[in-house]
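Trainee: I'd like to learn how to read a contact between two chains. Could you walk me through one?

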Amino acid sequence: MLVPIFTLKLNHKINPRMVAVGTFDGVHPCLTAATQAGKVFIHNPHVRGQRAAAHRLSHSSQDSDVCLLNINQSVTCLTAGQLGPSTVGDTLVVGSQTNLLAYDVHDNADVFYKEVADGANAVVLGTLGDIPAPLAIIGGNCALQGFDYEGNDHLWTVTGDNVRSLVLCDFTGDGKNELLVGSEDFDIRVFKEDELVSEMTENETITSLCHMHGSRFGYALANGTVGVYDRSSRYWRIKSKNHAMSIHAFDLNADGVVELITGWSNGKIDARSDRTGEVIFKDNLLSSVAGVVEGDYRLDGQQQLICTSVDGEVRGYLPASKDLRGNLMDSTAEQDLIRDLSQRKRSLLMELRNYEDNSKCVSDSDGMGFIPANTQLQTALAVRPATLVQKAHVELSISTPNETIIRAVLIFAEGIFEGESHVVHPSAQNLSGCVKVPIIPPKDIPVDLHIKAFVGGKSSTQFHVFEITRQLPRFSMYDFTAEATAAPPSGWVTFSINDRPQRVVMWLNQNFLLPEGVDSTEVTFSSLRGRGLLSISMASSGQVTLRTDDIDLAGDLVQSLASFLAVDDLSAEADFPGYFEELRTTLVEVDEFHSVHQKLNAAMADHSNHIRNLLVQAEDARLMDDIRSMKKRYRELYHLNRDLINEYKIRSNNHNALLACLKAVNQAIQRAGRLRGTFQLGSEPRRSNSAEAQLLVTPQWESRVPCFTFNLWVGTAAVTNPNPN
Amino acid sequence: MEIHLNRVDYIQVGVTSQKTMRLLPSSGKKATQKVAIADNDGVLSCFGMKKGEAVYLFKTLPGRKISRLDLGGAVGTPQEKIFVCCGSMVRGFTKKGKPFLAFEANLTESINAMHVSGADLFVCASYIYNHYCDCKDQDYFLSGDKINDITCVSSENLTRVVPVLACQDRVLRVLQVYQIYQSFFSFEIAGPPLYLNMSHFSTGEEIVYGTTDGKVGLVQIGEQSATAKWEIDNVKKKGGILCIDTYDIIGDGVNDVLVGRDNGTVEVYGFDSSGEPTLRFEHVLSESVTSIQGGCVGKDTYDEVLTVTYTGWVTGLTTEPQKAEVGPGNEIKMSKETQSKLETLRAELEQLQVRVLQGREQYQQTSQSSSALSGVPIFSINDKFTLCQDDASYSLTLEVQTAIDNLLLQSDVPIDLLDVDKNSAVVSFSECDSEQPNGNFLLATYRCQANTTRLELKVRSIEGQYGTLQAYVTPRLQPKTCQVRRYQIKPLSLHQRTHSIDQDRPMNRLSLVGQFSFAEIHSWVVFCLPEVPEKTPAGETITFCFCNTFLGTQLEATYCKGEGHFKSDNISTISILSDVLSKEATKKKINLNISYDINDDSVNHTLKMIHPKLEYQLLLARKVQLIDALKELQVHEGNADFLIPEYRNILDESANLLEEYKKQPAHLERLYGAFLTVILGLH
């Protein structure tokens with residue numbers, strides 16, 4: 001059994017997911033983590049008391065091994081690694097909601113200090129694509145930015161929602177790293193430099209990503225799911241009731257292949273095989289895990305797995321020695337094996353007994369819940385528009401063909417219910433052979449519904465469980481309308497495809513809940529979410545036109561159709577006057593917020609000058625024993641302080657509004673990109689939309705001019721087709 | 001002195017009940033003992049270990065569920081005759097497996113406890129105790145509450161064998177026979193006893209008992225009274241006691257207490273020099289431990305603790321040291337025995353799989369026919385729904401013999417589901433429509449991880465809100481079936497039986513007069529309050545005492561035909577009672593004359609009882625709030641010397657405070673709720 005080779009108790013709290021190991025002097029690895037009160041501590045047990053406190057750095061008075069670094073802002077992400085070309089050791093990169101600091105711990109100097117308007121929720125260090133210098137890539141409010149060691153901006157692109165996790169990994173297998181981005185809209189996106197090459201949809205916020213080996217990477221979701229992807233296909237995943245705080249790839253059993261190490265919110269650490277997800281090792285920390293990292297902490301040439309908890313507990317594990325033969329759990333593996341086999345034998349025996357007794361068919365005891373052997377469950381899906389009592393929904397009806405009743409229905413599905421399941425349990429008076437379940441999927445995603453229905457008699461205590469899996473089509477929340485009465489939507493996308501109309505009909509049937517016998521390519525739907533009409537038409541020339549005011553929906557439709565028809569490259573023309581009008585007002589708002597921001601900043605500078613004066617005056621008065629004027633000054637100071645707090649509140653509100661607007665703008669760029677349906681794996685590189693956006697938007701909202709340039713660009717992009725390829 | 005015991009699995013039998021495994025006395029000195037074990041399939045088997053293999057001496061054919069097993073024999077000879085009870089039958093077998101007795105006790109209910117001593121046979125059904133000597137009826141006794149277990153005390157000091165009953169109403173009843181008439185004295189204990197055993201300490205007059213809330217104690221039975229010797233509290237909430245044995249496993253010449261609990265914990269308590277029991281060893285099995293005994297089974301000269309779990313695993317915890325079997329060439333050598341064992345198991349599995357496939361096909365075929373019926377035999381669920389005194393919440397444990405796939409919990413009353421750390425299942429709450437027609441207040445699913453056979457949940461109820469909690473258990477077994485278990489949430493769900501109440505408190509009274517029978521009012525009381533026997537008690541009038549586990553208030557119920565009196569110092573208890581009772585009476589169309597006697601002091605008194613608790617919780621909440629800020633200050637300033645002693649104190653005790661705070665989630669909110677109901681009850 002594997003036991004920790006060292007345990008430490010650092011008297012500092014550790015913020016979750018903000019732990020790194022860096023060799024800042026090029027030799028000694030130091031555990032670095034963000035702690036409370038905007039500080040970062042560096043634990044360096046190897047070099048004791050050699051450095052004098054200066055600049056940001058100060059020694060902790062509690063523990064001589066720990067140095068504290070004052071950031072003075074709440075830290076949101078942290079990493080350490082090689083950034084500069086000529087530096088000896090690693091550079092520490094610390095991100096906060098507004099700034100990014102690259103810091104040389106060894107020389108005790110800032111490498112660069114950048115203001116980042118979109119914040120930094122996640123940071124990763126490394127090389128990306130063809131960019132030669134290593135970059136510190138941060139992900140913030142829908143935006144990604146990469147800085148080299150001089151603080152130059154080498155990368156700017158947008159993604160669908162707030163970024164929560166980043167990792168660099170050779171996804172395409174071309175020898176160059178791609179950037180994997182996990183965001184709050186449940187998507188993992190893969191960027192080849194600033195071009196989106198692939199997208200995987202999960203069902204919760206992606207909180208962590210880690211590179212395993214080759215094109216394989218691990219991920220963790222906010223709902224307690226952990227799993228492994230190989231490129232865009234999922235290998236395995238497991239779900240726990242606890243949350244995965246940190247994941248890391250480490251070869252713990254020394255078999256040459258890394259395992260996925262997960263640190264959980266209940267303090268558990270487990271190592272799972274990258275192929276099967278089978279647990280090969282587990283241990284428990286006393287409190288929630290904060291981060292899992294690796295480093296040669298004992299300076300003996302071997303990498304150790306280092307697990308840290310939020311309370312400052314640190315445990316290090318060495319990879320298993322050869323004679324353990326991968327058997328890390330316990331010495332009683334054979335007993336467990338026997339136990340396992342016996343359990344299987346037991347359940348097989350019970351199953352057999354079930355069949356035997358079933359064929360005997362003793363029909364007297366009532367509790368057993370006898371049902372006719374030929375009972376089969378029927379399920380049907382239908383779209384139901386809103387009525388007075390019920391919101392618009394997709395109705396799943398489950399019924400039995402005979403007099404048996406359905407006691408309860410459990411539906412396990414991901415991403416459409418609050419939890420992972422939905423239960424319908426009619427009261428004893430309302431039992432019948434038919435149950436109708438309203439389903440309102442919040443997003444347009446295809447969902448597998450795993451239905452379990454308990455079927456039996458009215459007074460049974462035991463029921464038969466019928467298990468059925470139904471797929472809810474992707475665009476199920478759109479009701480087919482035979483003839484549209486309302487005005488057609490003003491927004492549209494059009495593109496041409498070289499495929500038979502039958503294929504499009506097939507796509508329609510697979511992705512929409514169509515009434516029977518609809519096989520035309522001219523269809524109109526009304527959105528059950530109240531977003532107006534959607535019409536799809538295909539001309540004989542292969543020209544497909546989608547009319548909707550919902551730019552997101554249009555994007556989803558284009559992507560879905562393109563992937564169904566296996567079209568790699570699709571050029572589309574689009575116009576969404578309503579949406580662009582909204583965007584225009586947003587941009588104006590951004591500008592307004594900016595000018596308010598600047599005004600407030602100026603006011604604050606004024607105030608701080610004033611405070612300085614008052615303080616000096618007050619202290620002077622105190623030294624001269626003039627208590628009255630001292631009191632007066634302090635009173636003034638108090639009022640000023642109150643004003644400042646008020647102003648701060650205004651400022652923070654303003655800032656939040658600004659952030660919301662910026663997010664909207666970032667998403668607009670992303671949406672415009674989706675419309676063009678780019679699926680480009682391995683084909684010739686092409687100027688992507690985000691690259692254009694970068695050109696126009698880089699001077700970020702600093703003056704009126706670039707905003708409007710961008711605005712115009714979106715307009716032209718929509719009307720003409722700027723994609724000559 | 002610590003001991004180290006290693007786990008060895010022997011065999012697996014069917015699902016077992018409590019007290020169904022005994023070791024036969026060894027024939028020679030320190031020779032290995034044989035194990036007699038009976039299961040719910042009705043199979044009695046006896047096996048011994050030979051070179052690491054279990055060898056059966058005999059095995060009977062399946063029959064009715066065997067609920068108890070005991071050993072007996074003529075006085076002075078080795079106690080090696082095996083007695084089992086199934087239904088209302090008692091059967092006897094010799095150690096070779098030859099049946100020599102089949103005795104029909106002629107009880108209407110099935111026997112659930114049995115003791116054999118010489119020619120005397122003592123059996124108990126739910127409420128009835130019967131004594132037979134040489135299969136002739138001697139005497140009987142009707143108990144006031146359910147009998148959980150029986151044992152007998154015999155020694156030179158006592159003139160004859162004295163039976164002791166463990167009853168559900170927290171009483172050990174000691175029976176004595178004067179001619180035919182029986183009198184008894186009783187001994188009150190803190191929790192409902194579930195297990196009794198003659199102890200083997202000094203004399204035979206002592207009895208060890210275990211309770212459903214996890215306490216173990218020793219009482220000495222005298223001629224006229226009983227005295228408590230010691231009691232081990234269940235501080236760590238490890239689960240109820242299912243079995244106890246006394247055996248000197250440590251080897252210090254004093255018998256140790258071996259305890260098996262329903263959460264799978266096996267414990268060994270030794271005695272220190274002052275005679276106090278102390279925990280020496282603990283091991284956690286994954287299922288509840290139904291029987292335990294110390295002895296020597298696996299190997300000569302090595303003592304061990306033999307346990308049987310609910311699903312029938314016979315496991316030894318042996319003093320035999322485990323061999324490190326790492327051979328040359330970096331390979332773990334599996335012992336030959338285990339290897340052959342594995343091979344046979346695998347072969348059996350393959351055969352079974354073939355048969356199961358055939359079964360499946362046949363099953364598929366029957367589903368084509370229109371006349372056939374399909375019914376799956378009922379699988380057994382071991383469930384328990386008990387009120388925990390410490391945190392005033394109910395704990396629900398469910399145990400199935402195979403892995404559980406999922407569990408659906410449905411309730412038609414508002415209840416809170418609390419998280420249990422040990423529970424690894426993924427819980428998901430479903431939206432529910434609390435209004436009619438479906439009236440669900442809680443719909444939650446538990447999706448279990450592989451190999452979960454036992455689930456533990458905590459449920460918090462609100463007094464005054466009553467209804468049913470239903471659990472639908474679906475095991476991972478083909479063809480898939482699910483079974484429903486129902487649990488009543490009573491109107492005064494947080495009350496617990498006690499033996500007496502403090503009469504000095506200011507009391508509110510509620511009196512009912514009307515045309516109802518004794519049985520009717522008893523059924524209403526059963527409906528309102530937990531832990532009341534369902535059987536209408538004997539006699540004209542009856543008094544039950546209760547205390548509220550959450551607030552510590554009391555309730556006394558005294559009633560007879562046509563009349564009922566309830567008094568409590570908590571006004572909300574009285575108002576809930578009057579509400580429910582009048583509703584119940586209206587259902588039966590019985591006119592009730594309800595009169596109240598409200599004591600104004602009682603409100604003050606109850607509020608005063610809540611006050612210190614509320615204050616303490618508020619203070620705790622405040623302190624916990626401060627901890628983070630103080631810690632930050634400490635880090636910032638480098639030390640905590642500048643803080644005032646109060647704050648320094650908080651910092652020093654922060655770990656304890658946090659732990660306490662975590663232990664009682666929403667305690668403060670509940671107290672607020674209780675406070676409000678008292679105030680509302682006034683109006």
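**Reading the A–B interface**

Mentor: Sure. Keep in mind that this is a predicted model. Let's begin with one pair: K452(A) and D405(B) form a salt bridge through their side chains, at 3.6 Å from N to O.

Trainee: What makes that pair a salt bridge?

Mentor: The rule wants a side-chain nitrogen of Lys or Arg within 4 Å of a carboxyl oxygen of Asp or Glu, so the pair at 3.6 Å counts.

Trainee: How many salt bridges are there between chain A and chain B?

Mentor: The count is 5. For polar contacts, the interface has 20 residue pairs, with both partners at pLDDT 80 or more.

Trainee: Which elements of chain A supply the side that touches chain B?

Mentor: Helix 1 (333-360) and strands 30 (371-372), 33 (405-412), 34 (421-424), 36 (447-456) and 37 (462-472) each supply at least two residues. Helix 1 of chain A gives the most, with 24 residues. Sorted by class, that side of chain A has 27 polar, 24 nonpolar and 22 charged residues.

Trainee: And how do I read the overall extent?

Mentor: Look at residues and area together. Chain A puts 73 residues into the contact and chain B 88. Between them the two chains bury about 7400 Å², with 55% of it on carbon and sulfur atoms.

Trainee: Which strand of chain B does strand 30 of chain A pair with?

Mentor: Strand 29 of chain B (residues 373-374); the pairing is antiparallel, over 2 bridges. To find it on screen, go to I371(A), whose bridge partner in that strand is S374(B).

Terms used
Residues numbered from 1 in each chain as written. Chains lettered and ligands numbered in written order. Predicted model: local features only at pLDDT ≥ 70, side-chain atom pairs only at ≥ 80, totals over all residues. Heavy atoms only, no water. Contact = heavy atoms within 4.5 Å. Buried area = accessible area lost by both parts, 1.4 Å probe. Polar contact = N/O pair within 3.5 Å; in protein donor to acceptor, adjacent residues only side chain to side chain. Helix = DSSP H or I, 4+ residues; strand = E, 2+ residues; numbered from the N terminus. Nonpolar A, V, L, I, M, F, W, Y, C, P; charged D, E, K, R; others polar. Pairing = 2+ DSSP bridges.
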